[in-house]
Amino acid sequence: MLDSALKREIVRMCVGVSVLSTIMIAGFAVFGHFDMSVLCGTILGTSVTLFNYFLLALSVSHVVNKHDEKNAKLFMNISYLLRIILIAIVVATAIKFSFFNAIAVILPFIFERIVIMIIHMRDGKNEHTRS
């Protein structure tokens, strides 16, 4: 299913997004805007962000092991479309229902990109020190 390197990347993403989400909650609290909608929004946003990343990892693993180039592109495009639809539904739900703080739902999706950048910078720095 998933090789050890992919599992390691998923764990790194879980840790990174969780840390940034915790910092976000602290920011809401410091500025006096923390309430249950922030907590619920953070849980929803973080969970869906990590689920989205897991689905991406599964898709990549599946494509690498099973498909030729033409089918791989089609599979990845469909996977991308379905994951974007999932995110759109979650964000629309957060905006519609006051039970969720929409900002707390949306920010973890941005945190995913931040974690990816940090991982690439750290891995790049490690590659230079090994050489």
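This is a short walk through the helices, salt bridges, surface patch and aromatic residues of one predicted model.

Okay, let's start with helix α1, residues 4–30. It has 27 residues and reaches 39 Å from its first C-alpha to its last, close to the 39 Å you'd expect at 1.5 Å a residue. So which residues of α1 are buried? You've got Glu 9, Ile 10, Met 13, Gly 16, Val 17, Leu 20, Ser 21, Met 24 and Phe 28. After α1 comes Gly 32, and its phi is positive, near 75°.

Notice that Glu 9 is on that buried list, and hang on to that name, as we move to the salt bridges. How many salt bridges does a search of the whole structure find? Four. Remember, side chains of opposite charge can pair when their charged atoms come close. Glu 9 pairs with Arg 12, at 2.9 Å, N to O. Both sit in α1, three residues apart, so about one turn of the helix.

Arg 12 also has a salt bridge to Asp 123, again with the closest N and O atoms 2.9 Å apart. That pair links distant parts of the chain: Arg 12 is in α1, Asp 123 is in helix α4, residues 102–130, and they're 111 residues apart. Is Asp 123 buried or exposed, or in between? Its relative accessibility is 28%, so it counts as partly exposed. Bring in Arg 8 and you have a network of salt bridges linking Arg 8, Glu 9, Arg 12 and Asp 123.

Over in helix α3 there's a pairing of Lys 73 with Glu 69. The side chains meet at 3.6 Å, N to O. These two are four residues apart, about one turn of the helix. Glu 69 itself is exposed, with a relative accessible area of 59%.

Staying with α3, which runs over residues 69–96, let's look at the nonpolar surface. Leu 74, Ile 78, Leu 81, Leu 82, Ile 85 and Ile 89 make a nonpolar surface patch of about 580 Å². Take Ile 78 from that patch: its relative accessible area is 44%, so we call it partly exposed. Further along α3 is Ile 95, which at 60% relative accessibility counts as exposed. From Ile 95 to Ile 106 is eleven residues along the chain, and their C-alpha atoms are separated by 9.8 Å.

A quick stop in helix α2, residues 36–66, where Leu 58 is found. Leu 58 is partly exposed, at 25% relative accessible area. What separates Leu 58 from Leu 2, in sequence and in space? They're 56 residues apart in sequence and 7.1 Å apart in space, C-alpha to C-alpha.

Last topic, the rings. The count comes to one aromatic pair. That's Phe 99 with Phe 100: the centres are 5.1 Å apart and the planes are at 85°, so the pair is edge-to-face. For edge-to-face the planes have to be over 60 degrees apart. Phe 99 is exposed, with a relative accessible area of 53%. And which residue lies over the face of Phe 97? Lys 96 does, at 6.0 Å from the ring centre.

To recap, then: the Arg 12 to Asp 123 bridge joins α1 and α4, α3 holds the Lys 73 and Glu 69 pair, and Phe 99 and Phe 100 sit edge-to-face. That's me done, thanks.

Technical notes:
Residues are numbered from 1 along each chain as its sequence is written. This is a predicted model: local features need pLDDT of at least 70, side-chain atom pairs count only at pLDDT 80 or more; totals for chains, interfaces and linings use all residues. Side-chain values use heavy atoms; hydrogens and water are left out. Rings of Phe, Tyr and Trp (its six-membered ring) pair if their centres lie within 6.5 Å; planes under 30 degrees apart count as stacked, over 60 as edge-to-face and the rest as tilted. Buried means under 20% relative accessible area, exposed over 50%, partly exposed in between (1.4 Å probe, protein chains only). A charge sits over a ring if NZ of Lys or CZ of Arg is within 6 Å of the ring centre and within 35 degrees of the ring normal. Patches are made of residues with over 30% relative accessible area and no salt bridge: like charges are joined within 9 Å, nonpolar side chains (Val, Leu, Ile, Met, Phe, Trp, Tyr) within 5 Å. Accessible areas come from the Shrake-Rupley method with a 1.4 Å probe; for residues, only the protein chains shown count as cover. The expected span of a helix is 1.5 Å times one less than its number of residues.
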